[in-house]
Amino acid sequence: MRNVETILAQFKEIAANPRQAVADYRSETGKGAIGIMPIYAPEELVHATGYLPVGLWGGNQSINQARTYLPPFACSVMQQVMELECQGAFNDLAAVVFSVPCDTLKCMSQKWKGTSPVLVFTHPQNRGLESANRFLVEEYTRLQSRLEEITGVKISNAALENSIRVYNENRAALREFVRLAADYPQFVGAVSRHAVFKARQFMEKSRHTALVRELIGALTAQPLQPWSGKRVVVSGILLEPDGLLELFDELKLAIVDDDLAQESRQLRVDVQEGNEAPLYRLARVWQRMYGCSVATDTKKLRGKMLIEMAQKTGADAVIAAMMKFCDPEEWDYPIYFDELEKKGVRNLMIEVDQGATSFEQARTRLQSLAELL
Amino acid sequence: MISTTGKSAKELLAYYQAKLDEEAREAKAQGKLVCWSASVAPPELCVAMDIAMVYPETHAAGIGARKGALDMLEVADRHGYSVDCCSYGRVNIGYMELLKEEALTGQTPEALAKSPAARIPLPDLIITCNNICNTLLKWYENLAVELNIPCIVIDVPFNHTMPVPEYAKEYIADEFRHAISQLEVICGRPFDYNKFREVRHQTQRSIAQWNRIAAMSRYKPSPLNGFDLFNYMALVVCARSRDYAEITFKKFADELEEKLKKGQFAFKGAEKNRITWEGIAVWPYLGQTFKTLKAQGTIMTGSAYPNMWDLSYDADDESLHSMAEAYTRTYINTCLENKVSTLLNIMENGQCDGVVYHLNRSCKLMSFLNVETAELIQEKNGLPYVSFDGDQTDPRNFAPAQYDTRVQTLSEMMEQSTGTES
């Protein structure tokens with residue numbers, strides 16, 4: 001049996017080498033990869049074609065060419081994606097699936113600088129209505145036929161049901177991992193925890209599940225130990241780059257749960273079993289989504305959700321990882337900040353810039369928080 | 001009631017703008033419902049139920065134009081709103097927080113007392129629509145929670161493929177029906193379907209007159225100063241479902257036709273070049289942005305921005321698909337190809353010689369495609385363009401000197417190209 005460290009090293013290796021992951025997949029299966037832009041997409045449809053869905057969540061480049069096409073007030077993850085587009089980094093992809101739940105993504109979907117075909121679909125925002133589900137089924141139907149045209153693979157119901165099962169199992173395994181990571185912070189630091197999620201974007205999901213299960217087995221074989229550091233919940237779009245995560249490890253701030261769009265928001269809702277057609281059940285996932293800045297909620301239950309997360313995990317604080325220039329997240333912040341304050345939940349906002357190379361401001365803020373707790 | 005006969009369009013505009021605010025205040029005083037609405041959300045539903053309407057974007061623009069934005073922005077800042085959030089939204093949130101404070105304490109906060117803004121009452125409900133941005137979803141979520149009031153959402157999904165598919169119209173029409181049932185609950189009485197039909201017809205009459213005005217810029221020289229549309233826009237936003245808009249716009253269009261007949265033009269013979277203005281106006285510097293252009297003899301004869309209220313539809317279509325289509329086809333809610341063809345049309349109709357692009361710090365949706373839009377348009381019509389950095393209501397994000405230089409450059413480029421042509 002491999003130990004925790006070895007398995008985590010494998011996740012990190014995959015997370016750091018998406019190009020290799022795609023090349024390996026191609027040589028094994030003879031099939032290519034399809035890009036999945038943030039934030040939400042019915043990846044199961046892509047998986048059912050046998051192509052590898054690959055998450056396009058930016059990088060850590062210095063921004064040069066992207067400056068021509070995006071003003072400085074676009075969020076850093078889209079600056080990074082644009083830089084990579086300009087470099088031709090995505091040109092091997094058979095297609096790119098594009099959701100447009102914010103104004104920046106709407107624009108990005110119309111200005112792809114690479115050579116791959118871009119398949120755009122829109123999520124409805126009046127999510128309580130049955131007609132919204134019907135609308136999304138139509139969008140997914142169009143997406144499915146475009147995918148079939150491009151890949152030459154007819155997506156059968158059987159294949160789609162299989163992919164749905166694979167993804168539900170993957171989400172369940174990761175949810176279990178999130179709980180265990182909170183129990184074993186000595187083994188799974190912030191950097192490692194993130195690598196498990198990041199690798200998910202570049203791996204076929206049943207393989208990722210198997211590796212996560214192996215990690216779970218190795219973790220649970222270890223005795224539980226008391227944690228001398230503090231416990232935090234993080235919320236936002238994403239928490240990168242590694243330099244920022246290293247501060248959490250250095251300051252002994254264990255991430256006991258997250259509400260990151262790149263991480264646990266992807267696991268929040270499973271595709272339900274049932275007699276309805278698979279596309280309908282996939283559409284319902286969006287209706288049942290909650291606590292996310294790009295999924296309209298006129299009751300704004302995110303603050304309540306964060307308070308419950310903090311209570312359930314015994315977290316000492318909630319950290320808002322604010323993606324610079326992400327206005328959906330910035331609009332949510334004043335509301336959940338007030339709610340956290342009213343409930344006496346300690347909290348802190350740090351700015352996230354995916355391309356950052358210096359973290360002194362975040363260090364000072366996190367350090368003061370760690371000392372305060 | 002003051003007689004409107006004999007009044008000029010300009011007088012009517014001022015009169016009805018004040019009257020709308022007064023009506024909202026009166027409604028509030030009498031315990032009637034007041035609704036805050038997104039600027040291109042369908043007012044037909046609420047107007048059919050006699051709900052007084054207030055438009056925060058227009059209100060924020062007014063505050064900006066009267067140099068009162070900074071005080072409101074500061075309040076929003078205190079409440080944790082990032083400067084990255086839309087300045088209309090922040091001005092309105094700031095204003096709302098002050099109204100709320102006043103309602104809770106009985107004391108008028110100083111910033112509210114000295115604000116040059118027209119006084120508006122707090123809403124009992126709000127209605128939003130994302131045909132001009134998804135920010136309007138976030139902003140109205142916050143209003144709903146901060147004020148604990150119902151929020152009607154009309155979601156019009158981004159049209160990545162044109163024409164608008166039937167299934168999108170079906171979804172939007174269903175949202176209208178859902179909004180109707182929400183309104184029945186909020187108002188405690190059945191929806192007035194007869195009035196709804198009348199209001200749709202009224203809206204179409206207002207829009208027809210609005211389009212008559214916009215069409216006047218096709219004449220060369222133009223009897224219409226395009227910047228006037230920015231002023232008259234207030235009524236197409238706030239009163240298109242009332243006859244106030246129709247009366248005012250008809251008067252203005254008549255006046256323009258009269259001027260045309262008499263050979264009276266906006267720039268009195270000094271019209272040298274004609275431009276399209278792409279983006280929202282810079283309200284705190286409306287005068288300056290206009291004067292700089294005018295000093296170069298450059299008249300604005302086309303803008304897709306006021307044109308967004310060309311909400312023509314079949315008022316007799318009871319399926320409401322036609323109305324749904326009108327509210328979702330807003331050019332910034334469509335793919336780049338459609339956006340470009342809309343702008344090309346506007347440039348052609350306005351016989352424009354160039355474009356000024358407003359890179360608006362407050363509006364990602366109206367900024368992040370500017371480079372591609374400009375390139376595609378230039379490919380098609382070969383006309384020059386410039387871009388300037390600005391903001392619709394945050395005066396700190398606009399540098400007059402940069403604007404002046406860019407506009408001068410454009411005017412030189414236009415003179416060169418028109419000179420070459422002649």
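Helices and strands on this tour are DSSP runs (H or I over at least four residues for a helix, E over at least two for a strand), numbered from the N terminus. With that in hand, select B:P163, which sits in the loop between β4 and α8 of chain B. B:M162 and B:P163 are joined by a cis peptide bond, with omega at about 5 degrees. That is worth a look because most peptide bonds are trans.

Some housekeeping before we move on. You are looking at a predicted model, where local features need pLDDT of at least 70 and side-chain atom pairs count only at pLDDT 80 or more, while totals for chains, interfaces and linings use all residues. Residues are numbered from 1 along each chain as its sequence is written, and chains are lettered from A and ligands numbered from 1 in the order in which they are written.

**Stop 1: all of chain B**

Colour chain B by secondary structure and you should find 17 helices and eight strands. Its C-alpha atoms fill a box of roughly 65 × 50 × 45 Å along the principal axes. Chain B has a radius of gyration of 21 Å, which agrees with the value near 22 Å for a compact globule of 422 residues; the radius is taken over C-alpha atoms, and the globule rule is 2.2 Å times the number of residues to the power 0.38.

How much of chain B counts as buried? The figure is 56% of its 422 residues. Here a residue is buried if 20 or more other C-beta atoms lie within 10 Å of its own, exposed if 12 or fewer, and partly exposed in between, with C-beta atoms placed from the backbone.

Now think about contacts (two residues whose C-beta atoms, placed from the backbone, lie within 7 Å). Among contacts in chain B between residues at least 6 apart in sequence, 76% join residues at least 24 apart.

**Stop 2: two helices side by side**

Select α5 (residues 87-105) and α7 of chain B: they pack at an angle of about 5 degrees, with their axes 11 Å apart. The axes are lines fitted to C-alpha atoms over the stretch in contact, and angles run from 0 to 180 degrees between N-to-C directions. So α5(B) is roughly parallel to α7(B), a label for angles under 35 degrees (over 145 is roughly antiparallel, 65 to 115 roughly perpendicular, the rest oblique).

Show side chains for B:G89, B:I93 and B:M96 on α5(B), then B:T135, B:W139, B:N142, B:L143 and B:E146 on α7(B); these make the contact. They divide into four nonpolar, three polar and one charged. Ala, Val, Leu, Ile, Met, Phe, Trp, Tyr, Cys and Pro count as nonpolar, Asp, Glu, Lys and Arg as charged, and the others, Gly among them, as polar.

**Stop 3: two unusual phi angles**

Most residues other than glycine have a negative phi. Go to B:N148, in the loop between α7 and β4 of chain B, where phi is positive at about 50 degrees although the residue is not a glycine. B:N148 is exposed, with 6 other C-beta atoms within 10 Å.

Next, B:K67 lies in the loop between α3 (56-65) and α4 (69-78) of chain B. B:K67 is not a glycine, but has a positive phi of about 60 degrees. With 13 C-beta neighbours inside 10 Å, B:K67 counts as partly exposed.

**Stop 4: where the chains meet**

Show both chains: 41 residues of chain B are in contact with 39 residues of chain A. Which element gives the largest share on chain B's side? It is α7(B), with eight residues. The chain B side divides into 21 nonpolar, 10 polar and 10 charged residues.

**Stop 5: chain A**

Chain A has 14 helices and eight strands, and 54% of its 373 residues are buried. Colour its three domains: domain 1 (1-19 + 156-226), domain 2 (31-153) and domain 3 (228-373). These bounds come from an automatic or database domain assignment.

The centres of domains 2 and 3 of chain A are 23 Å apart, taken over C-alpha atoms. Their contact takes 29 residues from domain 2 and 24 residues from domain 3. On the domain 2 side, α6(A) gives the most, with six residues.

Finish at A:P241, in the loop between β5 (230-236) and α10 (242-250) of chain A. A cis peptide bond joins A:E240 to A:P241, with omega at about -5 degrees.
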